[in-house]
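Me: I'm new to reading protein models and would like a close look at one part of this one. Could you walk me through a central strand and then follow the chain onward from there?

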Amino acid sequence: MQQLTRWRFTVHDYHRMGEAGILHEDDRVELIEGELVEMTAIGTRHFSCVNRLNRLLVMNVGDEAIVSVQNPVRLNEYTEPQPDLTVIRPRDYRESLPMPEDVLLLIEVSDTTLAYDSGVKLPLYARAGIREVWIVDLPGETIGRHTDPSGEGYRRADRLRCGQMLESDALPGLTPSVDEVLG
């Protein structure tokens with residue numbers, strides 16, 4: 001059986017495809033370990049949760065950080081995901097996208113993508129050193145809070161349910177209830 005050769009795109013290649021018109025702004029793709037991955041359509045429950053979190057985060061961080069909604073974060077030369085929400089350090093991003101050291105908190109809202117967000121993206125975030133990641137499991141009505149990253153994953157993971165409070169390590173004072181996040 002013949003072995004297939006795969007082409008791994010770099011972040012530079014990915015951006016050049018956009019500049020050349022191969023990829024368009026409305027194409028829902030992200031670069032994951034050198035491969036273009038199509039992102040799923042956003043449903044109303046996902047949309048509503050992202051908007052709730054955006055409002056909550058903006059009110060909490062004020063001018064101390066930037067809340068970035070569904071925008072890219074460059075993890076390395078081959079990976080540039082577009083998480084649902086990212087709280088990043090305030091700096092000028094005209095010349096470069098946020099890097100792992102800029103990220104204070106990253107949130108993925110999972111309606112139909114829990115296995116992908118937990119099994120593929122979460123380990124990438126840990127290897128990149130993203131300090132804190134929340135995965136909102138809409139169907140399961142839980143929130144996974146992951147902290148203390150290492151090359152093997154997050155050393156600390158908490159699964160929070162309705163009636164419980166989230167406490168952010170990276171953003172002291174950010175303590176929403178699971179019910180607030182889920183709606």
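Reply: Let's begin with one pair of residues: the bridge partner of Ile88 in strand S5 is Val103. This is a predicted model, so please read everything below as a description of a prediction. The Ile88 pairing belongs to a longer match, in which strand S4 (residues 85–88) and S5 are joined by four bridges and run antiparallel.

Now look at the other partner of S5. Five bridges join S5 to strand S6 (residues 132–137), and these two strands run parallel. You can find this pairing at Leu106, whose bridge partner in S6 is Val133. To get from S5 to S6, the chain passes through helix H3 (residues 114–128), and this β-α-β crossover is right-handed.

How many of the eight residues of S5 are buried? Eight of the eight residues in S5 (residues 103–110) are buried, so the strand is largely enclosed by the rest of the structure. A useful idea to keep in mind while you turn the model is that side chains in a regular strand alternate between the two faces of the sheet.

Just before S5 there is a residue worth a stop. Asp102 sits in the loop between S4 and S5. Is Asp102 buried or exposed? Its relative accessible area is 7%, and buried means under 20%, so Asp102 counts as buried. Which side chain does the side chain of Asp102 meet in a polar contact? The partner is the side chain of Arg91, at 3.0 Å. Setting aside residues up to four places away in sequence, Asp102 touches Val87, Ile88, Arg89, Arg91, Tyr93 and Leu97. Ile88 appears in that list, and Ile88 is also the residue that pairs with Val103.

A residue in helix H2 (residues 44–61) also leads back to this part of the model: Cys49. With 0% relative accessibility, Cys49 counts as buried. Leaving out neighbours within four places in sequence, Cys49 is in contact with Val109, Val136, Leu138 and Val181. For a sense of distance, the C-alpha atoms of Cys49 and Arg145 are separated by 16 Å, and the two residues are 96 places apart along the chain.

Next, follow the chain from S6 into strand S7. These two strands pair in the antiparallel sense over six bridges, and one place to see this is Asp137, whose bridge partner in S7 is Thr142. S6 and S7 form a hairpin with four residues between them. Glu141 lies in that loop, and has a positive phi of about 50° although it is not a glycine. At 41% relative accessibility, Glu141 counts as partly exposed.

Glu33 offers a second example of such a backbone angle: it has a positive phi of about 50° and is not a glycine. You will find Glu33 in the loop between strand S1 (29–32) and strand S2 (35–38). Glu33 is partly exposed, with a relative accessible area of 41%.

Back to S7 itself. Seven of the nine residues of S7 (residues 142–150) are buried, so this strand too is largely enclosed by the rest of the structure. From S7 the chain goes on through a hairpin of two residues into S8. S7 and strand S8 (residues 153–161) pair in the antiparallel sense over eight bridges. Within this pairing, the bridge partner of Pro149 in S8 is Tyr154.

After S8 comes Cys162, in the loop between S8 and helix H4 (178–182). With a relative accessible area of 40%, Cys162 is partly exposed. Not counting residues up to four places away in sequence, Cys162 touches Glu141, Val178, Asp179 and Leu182. Glu141 is the residue from the S6–S7 hairpin that you met above. The C-alpha atoms of Cys162 and Val181 are separated by 9.5 Å, with their positions 19 residues apart along the chain.

One last thing to look for is the rings. How many aromatic pairs does a search of the whole structure find? The search finds zero. A ring does have a charged partner, though: the charged end of Arg8 sits over the ring of Tyr78, 3.9 Å from the ring's centre.

Definitions and conventions: Residues are numbered from 1 along each chain as its sequence is written. This is a predicted model: local features need pLDDT of at least 70, side-chain atom pairs count only at pLDDT 80 or more; totals for chains, interfaces and linings use all residues. Side-chain values use heavy atoms; hydrogens and water are left out. Buried means under 20% relative accessible area, exposed over 50%, partly exposed in between (1.4 Å probe, protein chains only). Two strands pair if DSSP finds at least two bridges between them. A crossover is right-handed if, with the strands pointing away from the viewer, the path from the first strand over the helix to the second runs clockwise. Rings of Phe, Tyr and Trp (its six-membered ring) pair if their centres lie within 6.5 Å; planes under 30 degrees apart count as stacked, over 60 as edge-to-face and the rest as tilted. A charge sits over a ring if NZ of Lys or CZ of Arg is within 6 Å of the ring centre and within 35 degrees of the ring normal. A polar contact is a pair of N or O atoms within 3.5 Å; within protein, one must be able to donate a hydrogen and the other to accept it, and residues adjacent in sequence count only if both atoms are side-chain atoms. Contact means heavy atoms within 4.5 Å.
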